[in-house]
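Trainee: I should like to work through this model with you, one feature at a time. May we begin once the sequence and structure are in view?

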Amino acid sequence: LLGDSDLRERLAEIECPSLWLFGERDTLVPAAAAEGVRRLLPEARVRVIPGASHAPFLSHPSETAAEILSFLWDTYE
């Protein structure tokens with residue numbers, strides 16, 4: 001499904017604050033995709049978690065939680 005779907009053009013429809021987390025070692029959704037998200041959604045917060053793969057919340061829970069909390073704090077304070 002991921003190999004056949006390209007929804008990049010729909011990203012511009014996102015109007016709410018968004019956080020995009022990528023794992024540096026992700027082979028399913030490469031961290032290089034972060035640059036594309038940054039270009040298409042300049043207002044979004046995009047972070048790459050060093051050393052993480054596809055599920056950073058499992059391998060790097062503290063770093064993931066810190067990014068989410070920071071995003072929520074900055075967005076909704």
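Mentor: Helices and strands here are DSSP runs numbered from the N terminus, a helix having at least four residues and a strand at least two. With that settled, Leu7 can be placed in the segment before S1. Please bear in mind that the model is a predicted one.

Trainee: In which pattern do the helices and strands follow one another along the sequence?

Mentor: The chain holds three helices and two strands. Its C-alpha trace spans about 30 × 30 × 20 Å along the principal axes. Read along the sequence, the pattern is β-α-β-α-α.

Trainee: What percentage of the residues in the chain is buried?

Mentor: A residue counts as buried when its relative accessible area is under 20%. The chain has 77 residues, and the buried ones make up 26%.

Trainee: Is Leu7 buried or exposed?

Mentor: Leu7 belongs to the segment before S1. The cut-off for exposed is over 50% relative accessible area. Because Leu7 has a relative accessible area of 59%, its class is exposed.

Trainee: How far apart in space are the C-alpha atoms of Leu7 and Leu72?

Mentor: Along the chain, Leu7 and Leu72 are 65 residues apart. Between their C-alpha atoms the separation is 25 Å.

Trainee: Which class of exposure does Arg10 fall into?

Mentor: Arg10 is also found in the segment before S1. Its C-alpha atom is 13 Å from that of Arg39, with their positions 29 residues apart in sequence. A relative accessible area of 48% for Arg10 therefore gives the class partly exposed.

Trainee: How many salt bridges does a search of the whole structure find?

Mentor: The criterion is a side-chain nitrogen of Lys or Arg within 4 Å of a carboxyl oxygen of Asp or Glu. One pair that meets it is Asp6 with Arg8, the closest N and O atoms being 2.5 Å apart. Asp6 is partly exposed at 46% relative accessibility, while Arg8 is exposed at 52%. For the whole structure, the search finds five.

Trainee: In which helix do Glu35 and Arg38 lie?

Mentor: Glu35 and Arg38 form a salt bridge, with 2.6 Å between the closest N and O atoms. Both residues are partly exposed, Glu35 with a relative accessible area of 42% and Arg38 at 35%. They are three residues apart, about one turn of the helix, and that helix is H1.

Trainee: Which strand holds Arg47, the partner of Glu67?

Mentor: Glu67 forms a salt bridge with Arg47, the closest N and O atoms being 3.4 Å apart. This pair links distant parts of the chain, 20 residues apart, with Glu67 in helix H3 and Arg47 in strand S2. Arg47 counts as partly exposed at 33% relative accessibility. The strand asked for is S2 (residues 45-49).

Trainee: Which residues lie closest to the centre of the largest pocket?

Mentor: The space in the largest pocket is about 620 Å³. Its lining consists of 24 residues, and the closest to the centre are Trp20, Phe22, Val29, Ala33 and Val37.

Trainee: How many residues of the lining of the largest pocket are nonpolar?

Mentor: Strand S1 (19-23), helix H1 (33-40) and helix H2 (56-59) each supply at least two residues of the lining. By type, the lining includes four charged and five polar residues, and the nonpolar ones number 15.

Trainee: Is Leu58 buried or exposed?

Mentor: Leu58 has its place in helix H2. It is ten residues from Val48 in sequence and 15 Å from it in space, C-alpha to C-alpha. Because its relative accessibility is 66%, Leu58 counts as exposed.

Trainee: Which residues make the nonpolar surface patch of about 410 Å²?

Mentor: Members of such a patch need over 30% relative accessible area and no salt bridge. Ile68, in helix H3, is partly exposed at 36%. Tyr76, in helix H3 (residues 61-76), is exposed at 55%. The patch is made by Ile68, Leu69, Leu72 and Tyr76.

Trainee: How far apart in space are Ile68 and Leu19?

Mentor: In sequence, Ile68 and Leu19 are 49 residues apart. From C-alpha to C-alpha, the distance is 7.6 Å.

Definitions and conventions:
Residues are numbered from 1 along each chain as its sequence is written. This is a predicted model: local features need pLDDT of at least 70, side-chain atom pairs count only at pLDDT 80 or more; totals for chains, interfaces and linings use all residues. Side-chain values use heavy atoms; hydrogens and water are left out. Patches are made of residues with over 30% relative accessible area and no salt bridge: like charges are joined within 9 Å, nonpolar side chains (Val, Leu, Ile, Met, Phe, Trp, Tyr) within 5 Å. Accessible areas come from the Shrake-Rupley method with a 1.4 Å probe; for residues, only the protein chains shown count as cover. Buried means under 20% relative accessible area, exposed over 50%, partly exposed in between (1.4 Å probe, protein chains only). On a 1 Å grid over the protein atoms alone, a cavity is a set of points where a 1.4 Å probe fits but cannot get out, and a pocket is an open set with protein on both sides within 12 Å along at least five of seven lines; lining residues have an atom within 4 Å of a point. Grid points are joined across faces, edges and corners, and a volume is the space filled by probe spheres set on the points. Ala, Val, Leu, Ile, Met, Phe, Trp, Tyr, Cys and Pro count as nonpolar, Asp, Glu, Lys and Arg as charged, and the others, Gly among them, as polar.
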